[in-house]
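Me: I've got a model open and I'd like to learn how to read its sheets, helices and contacts. Can you walk me through it?

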Amino acid sequence: MKQTRAFQKSLVLTLPALVFGFFVATQWATFAVPEARDVTIRYIDPLGETVTALQREQTDLRTQLADIRSRLDDLQRASGQQSGSAREIQAKVDDLKASAGLTELRGEGVSVTVDARAGSGSEVRPPCFAPDLTDIVNAAWRGGATAVAISGERFVASSSVYCVGGTIVVNGSIVSAPLTVAALGPPTAILAILDDPAQLRDLKRRRDQQTIDLRISRVPLLVVPAYRGAVVVRSAAPQ
Amino acid sequence: MRSRGGALAVAVVALFLGVLVVSQFRSREAYSRALQQETPESLTRLIADQSDRNRELRAEIFDLQLRLDRAQAAVAGGRGSLEEAQRQLAQLQVFSARSRVTGPGIAVRIDGPFDERALADLVNELRNAGAEAIAVNDARVGPRTWFGAGASGSLVVDGREVRGAWTVGAIGAPDVLYVAMTRTGGIVGQFELIYQRTRIQVTRETALDLPPVTSP
C-alpha cells in the first residue's frame, strides 16, 4: 500500500517533468532549426538567379555602350580632320578622356590581392571588403598611381565601392573574391605608401591575425581597362 | 620534326584553354557561392541597384545613339560634327573634374573632429548616391584624389591642407543625395554615433559652385 502511494507520488512529479522536458526540447528544436529550413531559403535561388541575369544584362549593355562610343569616336576623328577648330576640340576631348579614365592604359605598377582566408569563418558569410578597397585605392593615388582598377573595374570620378551583405559592388557591377586592385604608376613610390605602417592598418592587422590573405606585388606590365559604365552629367554644368 | 612541333603547339594551346576554362569555372563558382550566402533582403537590394544601373546604361545608349545619328546626318550634309564634339567636351570637362562647375545639390557641413577615412567614406557614399561633382571646401575631388591626415586635426586633399570646419559640396539631384546621406542608419547617422563631438549638418542647395581639380 505504502509502495503504491510512493509510486503515485513519484508519478505526480515525473509526469509534469516529462511534459516540461518534452516542451523544452520542442522549443529548443524550433530554435535550432538549421538556416536551410528557414522559409526564406526558398527565395534565395530565384533572387540569386535574377541578380545573375541582371549582371549578364549589364555586361551586354556595356558592350553596346562601348560599341556606340567607339562609332561616335570614329566619326568625330574622321570629321575632326576637316577643320582646324574641330581638330582642336578633338584633341581636348582625347586628353579629357584619358584623364577621366575612359581609355585603357598599360604599364608597370603594383597589384594588391585581398581574400578571406579559408577557415576564418568566411564560409558562413564573406566579409565586407569595401572599406579596405577604398583604403587601398586611396593609398595607390597617394603613391602616385595614374590609373586604378578593382577586379577589372576602372576607378573614375564617379566610382564607388560598397557591400550588400558580403557581395561587393564596384561601379554598379558585382565583383567576386579574390579582389585585385591594379595600380598603374611608379611601383617604388606606390609600394612605399602601401608598406607605410600608417596605411592599411586594418588590413595588415587582419593579415597578421591570419583571417585574410593580403598580397602586394610589383608588376612589370599591368593592363588597366577603360571605364565601361555610364557617364552621367545631368545636374552639373561647366562654366 | 614538324609533327613534334605541331603536337607541342597543340599541347600548349590545350593547356592554356584548360587553364582558362578552369579559372572561368572557378570564378563563376565563387560568384554563385557568394550569392547563395546572401539573405533575401541583400539579394533584393542587389536587384534594385542593378536594375537602376541597367536603366542608366540603357538611357545612355539611347542618348548616344541619337547623338550618333544626328552627327552622321550633319557630316553627310557637309556641316561636320562640331556640335557633337562641343557637347562631348562639356560632358568630359565635368566628368574629369577639370573645369569649374555649377548646379544644384547638397552641402554637408562638418564641424568638429573628423578624419581622412571618414572623409573618403563620405565621398564614396556621395558618389554612390549619384553625385556628379564633389569638393571639400575649395578642393575639388577628382578621379585620382586622395585624402590624408594633416597637422592638428586638419585634413589633406591631394597634398593640400584643408582646415575645418569642412563643407563637402556635391552637385547632383538634391533630394536623392539628401535622402542617401540622412536616411536612418545612413552614413551621417553613423558619423554622429562615432564622432559625438562633431556637428554634421546636411542642407539642400539650389546652386553650388565648385572649382576644378588642381592636381592632374
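Reply: Happy to. Let's start with a pair of strands in chain B: strand S2 (residues 133-136) is joined to S7(B) by four bridges, and the two run antiparallel. For one rung of that ladder, look at B:Ile134, whose bridge partner in S7(B) is B:Ala170. Keep in mind that this is a predicted model.

Me: What holds strands like that together in general?

Reply: Strands of a sheet pair through backbone hydrogen bonds, either parallel or antiparallel. Back in chain B, S7(B) also pairs with S1(B), in the antiparallel sense over six bridges. There, B:Gly105 has B:Ile171 in S7(B) as its bridge partner.

Me: Is strand S7 of chain B mostly covered or mostly open?

Reply: Mostly covered: strand S7 (residues 166-171) of chain B has six residues, and five of them are buried.

Me: Now chain A. In what order do the strands of its five-stranded sheet come?

Reply: The order is S3-S2-S7-S1-S8 (chain A), in an open sheet with antiparallel pairing. Strand S3 (153-154) and strand S8 (212-224) of chain A each have a single partner strand, so these edge strands have one side without a neighbour in the sheet. Inside this sheet, strand S1 (residues 105-116) of chain A pairs with S8(A) over eleven bridges, again antiparallel. One match to click on is A:Val112 with its bridge partner A:Ile216 in S8(A). A helix packs on this sheet too: H5 (residues 187-195) of chain A touches S1, strand S7 (179-184) and S8 of chain A, and its direction makes about 25° with that of S1(A).

Me: And which strands make up the three-stranded sheet?

Reply: In general, in a regular strand the side chains alternate between the two faces of the sheet. Here the open sheet has the order S4-S5-S6 (chain A), with antiparallel pairing. Strand S4 (161-164) and strand S6 (173-175) of chain A are at the edges with a single partner strand each, so each has one side left without a neighbour in the sheet. From one strand to the next, the twist averages 40°. S4(A) and strand S5 (residues 167-170) of chain A share four bridges in the antiparallel sense, and A:Val164 has A:Thr167 in S5(A) as its bridge partner. Helix H4 (residues 130-142) of chain A packs on the sheet, where it touches S4 and S5 of chain A, and its direction makes about 170° with that of S4(A).

Me: How should I read a helix, say H4 of chain B?

Reply: An α-helix has 3.6 residues a turn, so residues three or four places apart point the same way. Helix H4 (residues 116-128) of chain B has 13 residues and spans 18 Å from its first C-alpha to its last, close to the 18 Å expected at 1.5 Å a residue. Its buried residues include B:Leu119, B:Leu122, B:Val123 and B:Leu126. Just after H4(B), B:Gly130 takes a positive phi of about 105°.

Me: Why does B:Asn128 count as partly exposed?

Reply: Because 18 other C-beta atoms lie within 10 Å, and it takes 20 or more to be called buried, 12 or fewer to be called exposed. B:Asn128 sits in helix H4 of chain B. Apart from neighbours within four places in sequence, B:Asn128 is in contact with A:Ser160 and A:Tyr162. B:Asn128 and B:Ala180 are 52 residues apart in sequence but 8.9 Å apart in space, C-alpha to C-alpha.

Me: How do I describe two helices that pack?

Reply: Two packed helices are described by the angle between their axes and the distance between the axes. H4(A) and H4(B) pack at about 105°, with their axes 11 Å apart. So H4(A) is roughly perpendicular to H4(B). The residues that meet are A:Pro131, A:Thr134 and A:Asn138 in H4(A) and B:Ala120, B:Asp121 and B:Asn124 in H4(B). By class, that's two nonpolar, three polar and one charged.

Me: How many residues does each chain give to the whole contact?

Reply: Chain A gives 66 residues and chain B gives 75. On the chain A side, H2(A) supplies the largest share, 21 residues. That side has 32 nonpolar, 26 polar and eight charged residues. Strands join across the chains as well: two bridges link S9(A) to strand S1 (residues 101-111) of chain B, running antiparallel. One of the pairs is A:Ala237 with B:Thr102 in S1(B).

Terms used
Residues numbered from 1 in each chain as written. Chains lettered and ligands numbered in written order. Predicted model: local features only at pLDDT ≥ 70, side-chain atom pairs only at ≥ 80, totals over all residues. Pairing = 2+ DSSP bridges. Axes fitted to C-alpha atoms, helices over the stretch in contact; angles between N-to-C directions. Contact = placed C-beta atoms within 7 Å. Expected span 1.5 Å × (residues − 1). Nonpolar A, V, L, I, M, F, W, Y, C, P; charged D, E, K, R; others polar. Parallel < 35°, antiparallel > 145°, perpendicular 65-115°, else oblique.
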